[in-house]
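Work through the following exercises with the sequence and the three-dimensional structure side by side. Each task is followed by a solution that goes step by step.

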Amino acid sequence: MRVWPCLLGVALAACVDAFPPMPGAGTVEPIPDTGPRAFDRGFSGGGEEDQGFTGPPRDAFVAPPPPLDRGVEPPPPRDQGAPPPPPPPRDRGAPPPPPEDASVPTAPPPPPDVIGPVPGDLVINEVDYNQPGEDHDEFVELLVRANRPISLAGVRLELFSASESARVRCAGFAPDPDGPSRYGCAELPPEVVQPGDYIVLTAQGEGPRAPPGALRFQVLGPNNGSGVLENGNEGVVLIGPGEVVLDGFAWEGPIDGVGEGLSPNDEDSDSASQEGDRRPEHAFGRCPDGRDTDDNASDFELLTPPTPGFDNACP
Ligand SMILES: [Ca+2]
Ligand SMILES: [Ca+2]
Ligand SMILES: [Ca+2]
Ligand SMILES: [Ca+2]
């Protein structure tokens, strides 16, 4: 037998001779690698791709990738990042449903933000720095010109003198060594005031002429017997939040950095026939109230009587 030499590991040629190739069998050619094929992913029968497959040509069959659970979940939307639109209201024209208990009042809407004054919102409207005899009714009247409520937080009045050399701190700020002499400082309380309000600033324990109910703050300081507001060439400056100058008024002469423009005529200029404090009852006030052209000589007039807390006695 020629088979025995093959089983015993004799020459391969002997085996070939013993087992000749079957009819139709030839050399197996490798399939060229043309990259991933859709068909390969969809076919799960194992083995070689052509076994048992009798469908359309390979290039015409492009199967989609199988979803994780195709039988339960709907197809994903095209844009999964966008949230779904809210459902429209059922009836936009219908009134809102009534509250559960109509007898319980609803909370009022929150008040709008109240901010501090900016230039033009708050002005020095009237000043009375000298009364007959000793000065015990001094006042500085402010007027709210803003058309909205404003907060007085951070607002102050500074007192200046052209004849003194005092330099006091004010609201934590050191005086300007090169500026006019600052001898007083009045910080206003953080009240909210309304359009058209008059605010009367007086010395401590003084200012009885302000009408009942008027906004009056005794912040000008203690009266040392001759008043707080000096009667010579003096002035006041109104400072707002952020160190913004809101207004200024100087009397008995201008003071650089304090008053605006020129000063009105001296308090005593038209009453030379009277001694000392001259005319018994008068004050410098804007006419009409709130008028502010940034020139003290044009805006302020000598008025009789003083009107702390209400309209100026303009002619
Ligand atoms: Ca005075
Ligand atoms: Ca006086
Ligand atoms: Ca002004
Ligand atoms: Ca007044």
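**Exercise 1. Describe the overall make-up of the chain, and state where confidence in the model is low.**

Step 1. The model is a predicted one, and its chain has four helices and twelve strands.

Step 2. Of the 315 residues in the chain, 27% are buried, and among contacts between residues at least 6 apart in sequence, 55% join residues at least 24 apart.

Step 3. The pLDDT averages 74 over the chain, and 60% of the residues score at least 70. Over residues 86-98 the pLDDT is below 50, and beyond near neighbours in sequence this stretch has zero contacts in the model. Residues 269-277 also have a pLDDT below 50, but eight contacts beyond near neighbours in sequence are found for this stretch.

**Exercise 2. Determine how strand S2 is placed in the structure, and identify its partners.**

Step 1. Begin with burial, for which the cut-off is 20 or more other C-beta atoms within 10 Å of a residue's own. Six of the six residues of S2 (residues 139-144) are buried, so this strand is largely enclosed by the rest of the structure.

Step 2. Consider next the two faces. In a regular strand the side chains alternate between the two faces of the sheet. In S2, Phe139, Glu141 and Leu143 point one way, while Val140, Leu142 and Val144 point the other way, and all are buried.

Step 3. Turn to the pairing with strand S1 (residues 122-128), which runs antiparallel to S2 and is joined to it by six bridges. Aspartate 128 has phenylalanine 139 as its bridge partner in S2, and leucine 122 stands opposite valine 144.

Step 4. S2 is also joined to strand S7 (residues 198-201), by four bridges and again in the antiparallel sense. Here glutamate 141 stands opposite valine 200, and valine 140 has leucine 201 as its bridge partner.

**Exercise 3. Follow the pairing outward from S1 and from S7.**

Step 1. S1 is mostly covered, with seven of its seven residues buried. S1 pairs with strand S11 (residues 283-286) in the antiparallel sense over two bridges, and valine 127 stands opposite phenylalanine 284 in S11.

Step 2. In S7, Tyr198 and Val200 point one way and Ile199 and Leu201 the other way, and all are buried.

Step 3. Three bridges join S7 to strand S8 (residues 215-217), and these two strands run parallel. Valine 200 has arginine 216 as its bridge partner in S8.

**Exercise 4. Establish the strand order of the open sheet of four strands, and name its edges.**

Step 1. The order of this open sheet is S5-S4-S9-S10, with antiparallel pairing.

Step 2. Its edge strands are S5 (181-187) and S10 (244-251), each of which pairs on one side only. On average, neighbouring strands of this sheet are turned by 20° against each other, direction ignored.

Step 3. For one pair in detail, take strand S4 (residues 156-161) and S5, which pair in the antiparallel sense over six bridges; phenylalanine 160 stands opposite arginine 182 in S5.

**Exercise 5. Identify the members of the largest nonpolar core that touch the most other members, and examine valine 236 among them.**

Step 1. In soluble globular proteins, nonpolar side chains tend to be buried together. The largest nonpolar core holds 43 residues, of which Ile124, Val127, Val140, Leu201 and Val236 touch the most other members. S2 gives the most to this core, with five residues.

Step 2. Leaving out residues up to four places away in sequence, valine 236 touches Ile124, Val127, Val140, Leu157, Glu158, Leu159 and Phe249.

**Exercise 6. Is proline 222 buried or exposed, and which residues does it contact?**

Step 1. Locate the residue: proline 222 lies in the loop between S8 and strand S9 (234-240).

Step 2. Apply the count of neighbours, for which the exposed class requires 12 or fewer. Because proline 222 has 11 C-beta neighbours inside 10 Å, it counts as exposed.

Step 3. Look for contacts beyond four places in sequence: proline 222 is in contact with Ala203 and Gln204. Threonine 202 is 20 residues away from proline 222 in sequence, and the C-alpha to C-alpha distance between these two residues is 9.5 Å.

Key
Residues numbered from 1 in each chain as written. Chains lettered and ligands numbered in written order. Predicted model: local features only at pLDDT ≥ 70, side-chain atom pairs only at ≥ 80, totals over all residues. Contact = placed C-beta atoms within 7 Å. Pairing = 2+ DSSP bridges. pLDDT = per-residue confidence, 0-100. Axes fitted to C-alpha atoms, helices over the stretch in contact; angles between N-to-C directions. Core = buried A, V, L, I, M, F, W, Y, C linked by C-beta atoms within 7 Å.
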